[in-house]
Amino acid sequence: MKKTVTSLDAFKEDQTEHKIDASRKLKVAIIGTGWIAGAHMQEYKQMPDVEVVAAADLIPDKASDFMKAWGYPDARCYLSCHELLENEPELDAVSICTYNTQHAPCAIDALEHGVNVLLEKPFTVTLDEALDVMRAEKKSGKILSIGFQPRFNPNMQMIKKIVESGELGKIYYIQTGGGRRRGIPTPYGTTFIEEKTAGIGAVGDIGCYSLDMVLNAVGYPRPLTVSGYKSNFFGTRPDYYPNHPEYASKFQVDDFAAAFIRLEGDIVLDFRIAWAMNMDTPGDTVILGTEGGLRIPSTECWNGSVGGPMKLYQEVCGQQTETVIPIIQTKDDLFDLKIRSFLDAIKNGTPSPVPSSEIIYNQAIIDGIIKSAQAGHEIAIEIPEI
Ligand SMILES: NC(=O)c1ccc[n+]([C@@H]2O[C@H](COP(=O)([O-])OP(=O)(O)OC[C@H]3O[C@@H](n4cnc5c(N)ncnc54)[C@H](O)[C@@H]3O)[C@@H](O)[C@H]2O)c1
């Protein structure tokens, strides 16, 4: 038996216009002016209550070229995060858009300077770094939000709503992950694949999104143990990069990872992620509960999309049913919502939209996968209270 629900809301224009109080302007700077910094700048430029006053990049002229290209020829530009923070005492906020290994030092530096931080994903490279960032956050009393834009997509939010509605009963098993057949991110160079800049590969870059999708839905239970595996069979092959065979010798991170994770509440999480593999997808996301099961067609998550309509499997009066959850169309821009929610939290003194208290569990799993893979056996995940 099959029933299809429709959502009238999917056809309604959003009636609620977000009113922005432009009487108080926030002074913002961008740290790291590479690929993703443009997405932040595009949104800041449209915010009537934001003044982008400065930028920093380690590469000479990169920050000033970036600011000129975005129409700020007079912006103050610096050669490091620290130099910028020392010279900009009136800053309200920074977007940290550096490569992964510079997330923790820049976030800590900014928080210690009393500046609110929007930090790009993944939170950090290691769990210890993330804990250090949280200590600085606590001491500063400032807002730290981590850049998980898929959370603002209504389809992603629907997953959480379904879990919270109780339709699935008690959740006991989750399968998630994602991947690409050939998709190591090297279009702009090697910062995603070298140890000194990336620190972690697919497991952090796209794995963090798959983890957030399901962990956020089920209320971020504490991870307890992990048995992890990682490999790098593709990134290390010169023939993978026909135009840049030299990248192979620079590839020092994972391009595939898998793990079996035990979560508080007697839930197990089966995870796999790939930048490259001989397969189109490692499978759909599946959430199994005692009263229902939810299938989320394979998705890479980062843009908030689901790979097709989700299906809810239940038993109704002895009949096995499948309910199709229609895809919710939205005109909302996820980066706009990610940045607006951060700015609103600063202005209204409300909690961080994507708080470290949740993402620390995401980071602990990533860290655990790497450590368990290196050890060759299951390990316990220890997360001290901050
Ligand atoms: N949310 C998303 O959809 C999304 C998309 C792409 C990348 N990202 C994340 O954004 C981050 C940056 O990615 P990218 O593709 O822009 O990388 P990138 O390598 O293109 O740019 C990073 C820039 O940061 C600069 N930098 C590093 N350390 C610095 C420091 N201490 N002070 C000043 N500048 C510094 C580098 O010189 C470089 O120009 C990564 O962590 C990545 O995971 C997020």
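Take helix α11, residues 356–375 (helices here are DSSP runs of H or I, at least four residues, numbered from the N terminus). Its 20 residues should span 28 Å at 1.5 Å a residue, and its end C-alpha atoms are 27 Å apart, which agrees. The expected span is 1.5 Å times one less than the number of residues. This is a predicted model: local features need pLDDT of at least 70, side-chain atom pairs count only at pLDDT 80 or more, and totals for chains, interfaces and linings use all residues. Numbering starts from 1 along each chain as its sequence is written.

Is α11 enclosed or not? Of its 20 residues, 15 are buried, so the rest of the structure largely encloses it. (Buried means 20 or more other C-beta atoms, placed from the backbone, within 10 Å of a residue's own.) Just after α11, Gly376 takes a positive phi of about 80°.

Now for the largest nonpolar core, with 114 residues. Such a core is a set of buried Ala, Val, Leu, Ile, Met, Phe, Trp, Tyr and Cys residues joined through C-beta atoms within 7 Å. Its largest share, nine residues, comes from α11. Domain 1 (26–149 + 335–352) and domain 2 (150–330 + 363–380) both contribute, so the core lies between them; the bounds come from an automatic or database domain assignment. Ile31 is among the residues with the most contacts inside the core.

And the ligand? Both domains give residues to its shell too, so the ligand lies between them. Of the 28 residues around it (C-beta atom, placed from the backbone, within 6 Å), Gly32, Gly34, Trp35, Gln102 and Thr191 come nearest.

Definitions and conventions. Helices (H or I, at least four residues) and strands (E, at least two) are DSSP runs, numbered from the N terminus. A residue is buried if 20 or more other C-beta atoms lie within 10 Å of its own, exposed if 12 or fewer, and partly exposed in between; C-beta atoms are placed from the backbone.
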